[in-house]
Amino acid sequence: MKIGIDIGGSHICIGVIDQNKIIDTVYTNINIDEIEDIEKFIYNNCVYGINKLLLRIHTTIDQIEKIGIAFPGKVKDNIVYNLPNLGIKQFNISKELRKIFNTNIIIQNDANCAAYAEKILGSMKEYSDFIFLCIGTGIGGAVINDNRLLTAKRSTGFEFGHMIIHQNGRSCNCGNKGCFERYASMKKFKKDVKEYLNVDPNLEGEKLFEITYNAYKNNEITKLVEDYIEELAFGISNLINIFEPEAICIGGGFVYYKDILLERLIEKLKQKDYIMDKDEEIPEIKLAKLGNEAGVIGSVLI
Ligand SMILES: [Zn+2]
């Protein structure tokens, strides 16, 4: 058995994995504005969650082959760096956790984990060349080329969310301006919807989707959706021009909003306004199948 942990911009999901299947999970929300010490918060919740799962499945840490932890940041020598959405510069959580849990603890980049999980178990099984895009609080990405995960030599690389699509644009947590994720993340989309419809800024989940979907059906947010799709298509077209993938797999919070956004995105890409090769079909655009589980499973698969 293995334990996989996915740390996102707004959640911690811890799961026990047996034979590539999650058999039990513990989920915690991260309300970043209400947390004083985020590193301590993550550490405490990992310890609590792992112990809780071990108790629930009546096992001990000796039976756990490995703990994998997926983070939305750069990973080098098992230390994670630069988590702008969590306000963390450097975090050596494996060293701290190893003091309590005597097993292999491996830190990974979350987009790499999710891409790998989709390749092995999810919607990308048949594809050997694809881009995985996690559109959630930010935008993360990974590239599978010829069935292998492309990796950068110095650190994680492939920071698609931070490719600059507007000169002197909006300020990003990374320190630059005009980054793709400042225009096309789900966080940005939902923030715009909430402001436009004048709903509680803290509203999330099913209720927010319902309100958004109804407003979309009643043509109240057509312009807002079009503007968002324009930004998203702009960034994705750049990636298509660079990598020429067979498929693009989209995960993250985008998946929950598929009924509003997916078809519009495909239509927009098919117009090929920003795509170089006008004669080729655009890549297949597919949704990630494993949802929030991708990071948890992927963190122990790589
Ligand atoms: Zn940025």
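Is Ile64 buried or exposed in this predicted model? With a relative accessible area of 3%, Ile64 is buried, and the first of the close-up views below is centred on this residue.

**View 1. Ile64 and its contacts in the loop between helix H1 and strand S4.** Ile64 is found in the loop that lies between helix H1 (38–56) and strand S4 (66–71). Leaving aside residues up to four places away in sequence, Ile64 touches Met1, Lys2, Ile3, Leu54 and Thr103. Because its relative accessible area of 3% falls under 20%, Ile64 counts as buried. Gly141 lies 77 residues from Ile64 in sequence, and the C-alpha atoms of Ile64 and Gly141 are 29 Å apart in space.

**View 2. The side chains of His11 and Asp6, joined by a polar contact.** His11 has its place in strand S2, which covers residues 11–18. The side chain of His11 is joined to that of Asp6 by a polar contact of 2.9 Å. At 10% relative accessibility, His11 counts as buried.

**View 3. The zinc ion and its four coordinating residues, His162, Cys172, Cys174 and Cys179.** The zinc ion is coordinated by ND1 of His162 and by the SG atoms of Cys172, Cys174 and Cys179, at 2.0 to 2.4 Å. Along the chain, these donors follow the spacing H-x9-C-x1-C-x4-C. The angles among the 4 donor atoms are 105 to 119°, and the site of the zinc ion is tetrahedral; the ideal angle for four tetrahedral donors is 109.5 degrees. Of the coordinating cysteines, Cys172 counts as buried at 8% relative accessibility, whereas Cys174 counts as partly exposed at 34%.

**View 4. An open sheet of 5 strands with mixed pairing.** The strands of this sheet stand in the order S11-S10-S9-S12-S13. Strand S11 (148–149) and strand S13 (284–287) are at the edges and have a single partner strand each, so that one side of each is left without a neighbour in the sheet. Strand S12 (residues 247–251) runs parallel to S13 and is joined to it by 4 bridges; Ile250 has Leu287 in S13 as its bridge partner.

**View 5. Helices H3 and H8 packed on the sheet.** Helix H3 (residues 110–121) packs on the sheet and touches strand S9 (130–135), strand S10 (139–145), S11 and S12, with a direction that makes about 50° with that of S10. Helix H8 (residues 258–270) also packs on the sheet, where it touches S12 and S13, and the direction of H8 makes about 170° with that of S13.

**View 6. Glu244 and Lys272, two loop residues with a positive phi.** Glu244 is found in the loop between helix H7 (222–243) and S12, and although it is not a glycine, Glu244 has a positive phi of about 45°. Lys272, which has its place in the loop between H8 and S13, likewise is not a glycine and has a positive phi of about 55°. Glu244 is exposed, with a relative accessible area of 62%, whereas Lys272 is buried, with a relative accessible area of 14%.

Conventions: Residues numbered from 1 in each chain as written. Predicted model: local features only at pLDDT ≥ 70, side-chain atom pairs only at ≥ 80, totals over all residues. Heavy atoms only, no water. Pairing = 2+ DSSP bridges. Helix = DSSP H or I, 4+ residues; strand = E, 2+ residues; numbered from the N terminus. Contact = heavy atoms within 4.5 Å. Axes fitted to C-alpha atoms, helices over the stretch in contact; angles between N-to-C directions. Buried < 20%, exposed > 50% of the residue type's maximum accessible area, 1.4 Å probe, protein only. Polar contact = N/O pair within 3.5 Å; in protein donor to acceptor, adjacent residues only side chain to side chain. Donors = N, O, S within 2.8 Å, 3.2 Å for Na, K, Ca; no water. Tetrahedral: all angles 85-135°; square planar, octahedral: opposite > 155°, others 65-115°.
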